[in-house]
Amino acid sequence: FKDPNGNGEAQLLARGIAADLVTELSRTHGLRVVSHQSSFELAAAATPLAQIGRQLRTRYLADGTVHREGEQLHILVELLDTEAGRVVWSSARRVDLAGVPAAQQAIVGRIAGTLLEKVRNTEERRAAARAPTSLDVYVLTAHGKSMMHKYSPQGMRDARRFFEQALVIDPNYAPAWV
């Protein structure tokens, strides 16, 4: 996160939001989060996105800007795919300066939750794109999904049974794991 106008006050706030976001995301089990010091160092050097991804060994990067517009802060956040070189998700928010301390935590929580959801959804779509080893695996997984939508204890047990059968045939079929 940075202030595109070079305003020192907004730059401090941008770094604070980035540090808080790293802290919030690092609380999530199963999500590897790189320290904000590492990312600040690479951002200052204007390193290409793909190179940052390789150096930090990360697929996704949260990037953003914070700048002051009168009595409001304008915060732009993007989730970037370092391998594909594209924006996966973006959001812009305006916050009144008077409410910045209280709003900062709410913004960070919202950003963290949304980024986590987007990363998980994108990874699920990537995993689902891999074809199963046989049509039986696909059919068993489809049956499992339909059983889940019965929203009953028996439906969940049946769904689990179908997913487990699919994984016996193809242990790497991600939709059955999901």
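**Exercise 1. Determine how many helices and strands the protein chain contains, and in what pattern they follow one another.**

Solution. In this predicted model, the secondary structure of the protein chain amounts to seven helices and three strands. Reading along the sequence then gives the order α-α-α-β-β-β-α-α-α-α. As a next step, consider the contacts with a separation of 6 or more: 52% of these join residues 24 or more positions apart. Turning to exposure, buried residues make up 39% of the 178 residues, and the accessible surface of about 10,600 Å² belongs to carbon and sulfur atoms for 54% of its extent.

**Exercise 2. Identify which residues of the largest nonpolar core touch the most other members, and which elements give two or more residues to this core.**

Solution. Begin with the membership, which comes to 21 residues, and pick out those that touch the most other members: F1, I17, L21, V66, I75, L79 and L115. Next, assign the core to elements; those giving two or more residues are α1 (8-26), β1 (60-69), β2 (72-81), β3 (86-96) and α4 (100-128). Of these, α1 supplies the largest share, six residues. Finally, look beyond this core, where a second, separate core of 10 residues is found, with V137, F162, A166 and A176 among its members. As a general background, nonpolar side chains in soluble globular proteins tend to be buried together.

**Exercise 3. Describe the span of helix α6, its buried residues and what covers them.**

Solution. Helix α6 covers residues 153-169, and its 17 residues reach 25 Å from the first C-alpha to the last, close to the 24 Å expected at 1.5 Å a residue. Its buried residues are G155, D158, A159, F162, F163, A166 and L167, and their cover includes α5 (135-148) and α7 (174-177). For the ring of F162, the neighbouring group to note is R161, which lies over its face at 4.9 Å from the ring centre. A search for aromatic pairs, by contrast, finds zero in the whole structure.

**Exercise 4. Locate R57 and Y151, which have a positive phi without being glycine, and state whether each is buried or exposed.**

Solution. The starting point is that most residues other than glycine have a negative phi. R57 nevertheless has a phi near 55°, and its place is the loop between α3 (49-56) and β1. Since the cut-off for exposed is over 50%, the relative accessible area of 65% makes R57 exposed. Y151 shows a positive phi of about 50° and sits in the loop between α5 and α6. Its relative accessible area is 65%, so Y151 is likewise exposed.

Technical notes
Residues numbered from 1 in each chain as written. Predicted model: local features only at pLDDT ≥ 70, side-chain atom pairs only at ≥ 80, totals over all residues. Heavy atoms only, no water. Core = buried A, V, L, I, M, F, W, Y, C linked by side-chain atoms within 4.5 Å. Buried < 20%, exposed > 50% of the residue type's maximum accessible area, 1.4 Å probe, protein only. Helix = DSSP H or I, 4+ residues; strand = E, 2+ residues; numbered from the N terminus. Expected span 1.5 Å × (residues − 1). Contact = heavy atoms within 4.5 Å. Phe/Tyr/Trp six-rings, centres within 6.5 Å; stacked < 30°, edge-to-face > 60°. Lys NZ or Arg CZ within 6 Å of the ring centre and 35° of its normal. Areas by Shrake-Rupley, 256 points an atom, 1.4 Å probe, with all protein chains shown as cover.
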